[in-house]
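Please open the model in your viewer and keep the sequence panel at hand. The tour below proceeds by selection, with a description of what appears at each stop.

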Amino acid sequence: MSKYLIKRAIIMAAGNGKRMRPLTLTTPKPLIKVNGVRMIETVINALHANNIYEIYVVVGYLKEQFKPLESEFGIKLIENPYFETCNNISSLFVAREHLSDCIILDGDQIIYNSNILDPSFDISGYNATLVTEHTEEWVMTLKDGLVRSCSRTGGDEGWQLFSVSRWNKEDGSKLKEFLELEFIKNKNHDIYWDDIPMFLHFDSFNLGIHVMDKGDILEIDSLEELKKIDSNYLKVKGV
């Protein structure tokens, strides 16, 4: 039997998605449809499939367009007033009161396999896939089931970190404390929130991984990547 159970979710959806322009000039990236389905919708549906219904969506850019999700899915919106001037540390900072027994996800990804959001877990950490060839994504190395290091410049082997992470009550409390330290006291506004557990305060956490297959989830970073997935956008020209 697993030690911990996810009770709530935080979905990060405040960014302006510049690499997806011109689509994101009028539509927030998480609300862009891929083969007829909004990206964030796949995330919310996958959470519901795992009986996770306490869901907070952090919004900023074109925030009013997320309002219908409240009645449609029963989620709660949290506004990030810093999104235009700060990196995504600001989004988790404004949602820091909900980090206990929590799963954190990005709203601009597509989840194909809801099983990767299984609410039962034994150790805090990130979903990851095994890397056997070079990638420029963040790569973690493991020893005895624990994350021993992380490279932000990629690598040839290891475990690729994905934007799905679980945090038990103790680790969530530490994450909240470090968010306040870095964002308020140190005014460290230009970092990813993941820099806190992966680099700045790495020794304060004992993190593991949650193994998944590469095809279970898709992160679309640019308009060109979107065109490869959905031919409806082939005629759209980038700006």
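Begin with residues 139-143 and 146-151: these are strands E11 and E12, which pair in the antiparallel sense over five bridges. The model is a predicted one. Between E11 and E12 there are two residues, and the strands form a hairpin. Within that turn, select Asp 144, whose phi is positive, at about 55°. Next select Met 140 together with Cys 150, its bridge partner in E12.

**The nonpolar cores**

Met 140 also leads into the largest nonpolar core, which has 33 residues. Add Leu 92, Ile 104, Leu 175, Trp 193 and Met 198; with Met 140, these touch the most other members. Colour helix H4 (residues 169-185) as well, since H4 gives the most to this core, with four residues. A separate core of 28 residues lies apart from this one; Ala 9, Ile 40, Ile 52 and Ile 103 are among its members.

Return to Leu 92 and display its surroundings. Which residues is Leu 92 in contact with, leaving aside neighbours within four places in sequence? They are Ile 10, Met 12, Leu 99, Ile 104, Leu 175, Leu 179 and Trp 193.

**Aromatic pairs**

Turn now to the rings, where the count comes to eleven aromatic pairs. Select Tyr 82 and Phe 183: the ring centres are 5.2 Å apart and the planes stand at 65°, so the pair is edge-to-face. Tyr 82 belongs to the loop between strand E6 (76-79) and helix H3 (89-94), while Phe 183 is in helix H4, so the pair ties together parts 101 residues apart in sequence. Is Phe 183 buried or exposed? Phe 183 counts as buried, at 6% relative accessibility, whereas Tyr 82 is partly exposed, with a relative accessible area of 31%.

Move to Trp 167 and Trp 193, an edge-to-face pair with centres 6.0 Å apart and planes at 70°. Trp 167 is in strand E13 (residues 158-167) and Trp 193 in the loop between H4 and helix H5 (195-200), 26 residues apart. Trp 167 is buried, with a relative accessible area of 0%; Trp 193 counts as buried at 3%. Extend the selection to Tyr 126, Phe 178 and Phe 205, which form one aromatic cluster with Trp 167 and Trp 193.

**Charges over rings**

At Phe 205, add Lys 174, which lies over the face of the ring at 5.1 Å from the ring centre. Then select Phe 93 and Arg 96: the charged end of Arg 96 sits over the Phe 93 ring, 3.9 Å from its centre.

**Last stop**

Finally, select Lys 214 in the loop between strand E14 (208-211) and strand E15 (217-219). Lys 214 is exposed, with a relative accessible area of 64%.

Definitions and conventions: Residues are numbered from 1 along each chain as its sequence is written. This is a predicted model: local features need pLDDT of at least 70, side-chain atom pairs count only at pLDDT 80 or more; totals for chains, interfaces and linings use all residues. Side-chain values use heavy atoms; hydrogens and water are left out. A nonpolar core is a set of buried Ala, Val, Leu, Ile, Met, Phe, Trp, Tyr and Cys residues joined through side-chain atoms within 4.5 Å. Buried means under 20% relative accessible area, exposed over 50%, partly exposed in between (1.4 Å probe, protein chains only). Contact means heavy atoms within 4.5 Å. Two strands pair if DSSP finds at least two bridges between them. Rings of Phe, Tyr and Trp (its six-membered ring) pair if their centres lie within 6.5 Å; planes under 30 degrees apart count as stacked, over 60 as edge-to-face and the rest as tilted. A charge sits over a ring if NZ of Lys or CZ of Arg is within 6 Å of the ring centre and within 35 degrees of the ring normal.
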